[in-house]
Amino acid sequence: MPADTMLDVDALLDDPASRVIVCCGSGGVGKTTTAAALALRAAERGRQTVVLTIDPARRLAQALGLRELGNHPKQVQVEGFEPKGELWAMMLDMRRTFDDMVRVHAGPERAEQLLQNPFYQTISTSFSGTQEYMAMEKLGQLAATDEWDLIIVDTPPSRSALDFLDAPTRLSTALDGRMIRLLTGPAKAGGWGLRKVVSAGFSMFAKAVSTIIGGQLLADASAFMQAFDSMFGGFRERARKTAELLRSSGTSFLVVAAPEPDALREASYFVERLAGESMPLAGLVANRTHPVLAPLSATEALTAAESVQNAPLAEAVLRLHADRVALAERENRLLARFTRAHPEVPLTRVPALAGDVHDLEGLRDIGAKLTS
């Protein structure tokens, strides 16, 4: 692989102009571990770093030496861990983030009305795009405080990684749509208006309102939107500012992918989307690769295995090596295909580990492999 295609992760972490790093990619490729390893390495190299994870699994908190992660950043302070900078970590709580947003921007009386409203309680957990939007909301909050000079984001485990980019526009458009206008003016719309809306099949609300029936739906939804209307301008403005942040020169996207056809296909699509949206792509992390550890071809290993006598362990090792070579060659072909399609995208490979990461040392090892 030509040297100019290699991703220099340390240069990205050390650059003081680098303020936000977004780890994205399809599900199950190691985004969360990659984000945590980058944050740990950045802190040890002197950055004031916070990592925002969306993964509800407890293993990340355990790896960071914390009992649990909450919806607000918690500093990682473990015996023997003395970074040059600081490391903070948090896990997004979608509902709590929405609640906090309401409390801050709606005022005490209206906030209480909203939080107790059954319609709000439903859409705050089941509305399409809510988790992605709240991740964006939390990113905007972290950036606005200036408490950290580097924010690393682990994007939500969406069906498509692109949902993270679309969330502000989708949610803002939905809440500013025709159905909302009807709900904020129930006197004009009346029962006929609601029936017309429902019969038109507004699928984005179908799940949210499925547990509320009859006239109670109209009352709850109307009360919700009338209370929400006062803070909607700020809602849209924050979405716009966060979208601008993601396009700024201080933000970098890292696409994480396993060396597998589906994951690389998703990565390729995401790379093209980032380019189309003029969003700054730092490079691709090819995670869980299987490099060959000895200069012996698969053919040579199999030939040697067949000639070995009375040494079953040696034969097994040679055959295992042959399998490893075949796997590595397959991964190299897939990555070469990606590189031919996107020659401008720098790349780094992270070898697969024997087991899961359970502690800071494991994250440190991942960070070292990201830069090797």
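A residue is called buried when its relative accessible area is under 20%, exposed when that value is over 50%, and partly exposed in between, using a 1.4 Å probe and protein chains only. This is a predicted model, in which local features need pLDDT of at least 70 and side-chain atom pairs count only at pLDDT 80 or more, whereas totals for chains, interfaces and linings use all residues. Residues are numbered from 1 along each chain as its sequence is written, and side-chain values use heavy atoms, with hydrogens and water left out.

**View 1. The loop at D146 and the strand residue R288, each with a positive phi.** D146 sits in the loop that joins α7 (130-145) to β5 (150-154), and with a relative accessible area of 59% D146 is exposed. Helices (H or I, at least four residues) and strands (E, at least two) are DSSP runs, numbered from the N terminus. The phi of D146 is near 60 degrees, a positive value in a residue other than glycine. R288, in strand β7 (residues 281-289), also has a phi near 60 degrees, and its relative accessibility of 38% makes R288 partly exposed. Most residues other than glycine have a negative phi.

**View 2. Helix α2 and the glycine that follows.** Helix α2 covers residues 31-44, and its end C-alpha atoms are 20 Å apart, in agreement with the 20 Å expected for 14 residues at 1.5 Å a residue; the expected span is 1.5 Å times one less than the number of residues. Of the 14 residues in α2, 13 are buried, so that the helix is mostly covered. Just after α2, G46 adopts a positive phi of about 110 degrees.

**View 3. The surroundings of L274 in helix α14.** L274 belongs to helix α14 (residues 261-276) and is buried, its relative accessible area being 0%. When neighbours within four places in sequence are left aside, L274 is in contact (heavy atoms within 4.5 Å) with L165, F253, V255, M279 and L281. The C-alpha atoms of L274 and R247, which are 27 residues apart along the chain, are separated by 9.5 Å.

**View 4. A salt bridge between helices α17 and α2.** A salt bridge is a side-chain nitrogen of Lys or Arg within 4 Å of a carboxyl oxygen of Asp or Glu, and the structure holds 14 of them. One of these joins the side chains of R364 and E44, at 2.7 Å from N to O. Because R364 lies in helix α17 (residues 360-371) and E44 in helix α2, the pair ties together parts that are 320 residues apart in sequence. Both residues are partly exposed, R364 at 27% relative accessibility and E44 at 24%.

**View 5. Salt bridges within helices α4 and α17, and a linked network.** In helix α4 (residues 94-106), R95 and D99 are four residues apart and therefore separated by about one helical turn; their side chains meet in a salt bridge of 3.1 Å, N to O. R95 is partly exposed at 26%, whereas D99, at 12% relative accessibility, counts as buried. In helix α17, D365 and K369 are likewise four residues apart, about one helical turn, and the closest N and O atoms of their salt bridge are 2.8 Å apart. D365 counts as partly exposed, at 30% relative accessibility. Elsewhere, D10, D14, R41 and R45 are linked in a network of salt bridges.
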